[in-house]
Amino acid sequence: MSRKTIGTLVAGALFGAGLVVSGMTDPRNVIGFLDFSGHWNPRLVAVMAGAVVVYAGMLRLLGPIVRGIRPLPARNNRVDARLVAGAAIFGVGWGLSGYCPGPAIVSLGSGARGALAFVAAMIVGVVAGGALGRRRSGCETPVRSVREA
Amino acid sequence: MLTGFFGGALIGLAATVYWLATGRTAGVSGIVDGALREREVRGQRLAFLAGLVAVGLLAAVVGSPAGASPYPTAVLVVAGVLVGFGTRLGGGCTSGHGVCGISRFSIASIVATLTFIAAGAVTVAIATRLFAAAAGS
């Protein structure tokens, strides 16, 4: 196994652990967050805050040290119809399940009812969406540094 | 709430490790896409996804299984297609736009995050009424 593969395996395990510890693998916590008219569940805000504080802090701390090898992920300020339409379609699916991709894949490992059906359908959607061509994500690293792999 | 913040911090750490290892953003929908379509990085992407699945399995084994979605499977299938398609169209999900993009103060990610939260909130508002009506009839 290459060092990169070990790195992404560790990242996946840490990511999954974060989702389990924070309760985000329970769809009811997500639906509760989106339910502004009922008993609003603010837990997701704490999760996002924790993740953003640590990631933004680490980029700031480590960015200058690894500069040249690991440029900071590029900032994307381009807002277009495709971005908004895609986010809206994702939001509808998110609300209709309580699953976004990460928690759904962790729940697949847990054997939660419905998780396998959701992930299988999600892969179909990814293939269909991917066929429309690639959109740069919110903060994608310049392509050159990816190829240096 | 404290476990929420602590779990979130682990996610931020995971995104840092992923960036250091690959130079890329840890967006789960993009990683799924890469595992399917980019042959030269498939192993790395699959390793990340294997880490997610393994932790889910471990959580279930030690007696902390994830709760199931309250929606019926047929609805979950429709939702799954929408999540997969929408995240590829919009270039990211809760992790790529929500965590990584916002951490970089990316305007596109902030707009995307506000959009999917709003769309999700409207969907939940409609769905809870529909399912309550169906359960009551």
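A crossing of two helices is called left-handed if the near helix is turned anticlockwise from the far one by less than a right angle. With that in hand, let's look at this predicted model, where helix 1 of chain A passes helix 1 of chain B in just such a left-handed crossing. The two helices pack at an angle of about 165°, and their axes are 7 Å apart. Since angles over 145 degrees count as roughly antiparallel, helix 1 of chain A and helix 1 of chain B are therefore roughly antiparallel to each other.

Now for the wider interface. Here 107 residues of chain A are in contact with 108 residues of chain B. On the chain A side, the largest share, 17 residues, comes from helix 1 of chain A. The residue classes can be set side by side:

| Set of residues | Nonpolar | Polar | Charged |
|---|---|---|---|
| Side of chain A that touches chain B | 61 residues | 33 residues | 13 residues |
| Contact of helix 1 of chain A with helix 1 of chain B | 16 residues | seven residues | one residue |

Helix 3 of chain B is worth a visit too. How far apart are its end C-alpha atoms? They are 28 Å apart, which agrees with the 28 Å that its 20 residues (42–61) should span at 1.5 Å a residue. Its buried residues include B:Arg45, B:Phe48, B:Leu52 and B:Val55. The buried residues of helix 3 of chain B pack against helix 1 and helix 5 of chain A, together with helix 1 and helix 2 of chain B. Just after helix 3 of chain B comes B:Gly63, with a positive phi of about 90°.

Definitions and conventions: Residues numbered from 1 in each chain as written. Chains lettered and ligands numbered in written order. Predicted model: local features only at pLDDT ≥ 70, side-chain atom pairs only at ≥ 80, totals over all residues. Contact = placed C-beta atoms within 7 Å. Helix = DSSP H or I, 4+ residues; strand = E, 2+ residues; numbered from the N terminus. Nonpolar A, V, L, I, M, F, W, Y, C, P; charged D, E, K, R; others polar. Expected span 1.5 Å × (residues − 1). Buried ≥ 20, exposed ≤ 12 C-beta atoms within 10 Å, placed from the backbone. Axes fitted to C-alpha atoms, helices over the stretch in contact; angles between N-to-C directions. Parallel < 35°, antiparallel > 145°, perpendicular 65-115°, else oblique.
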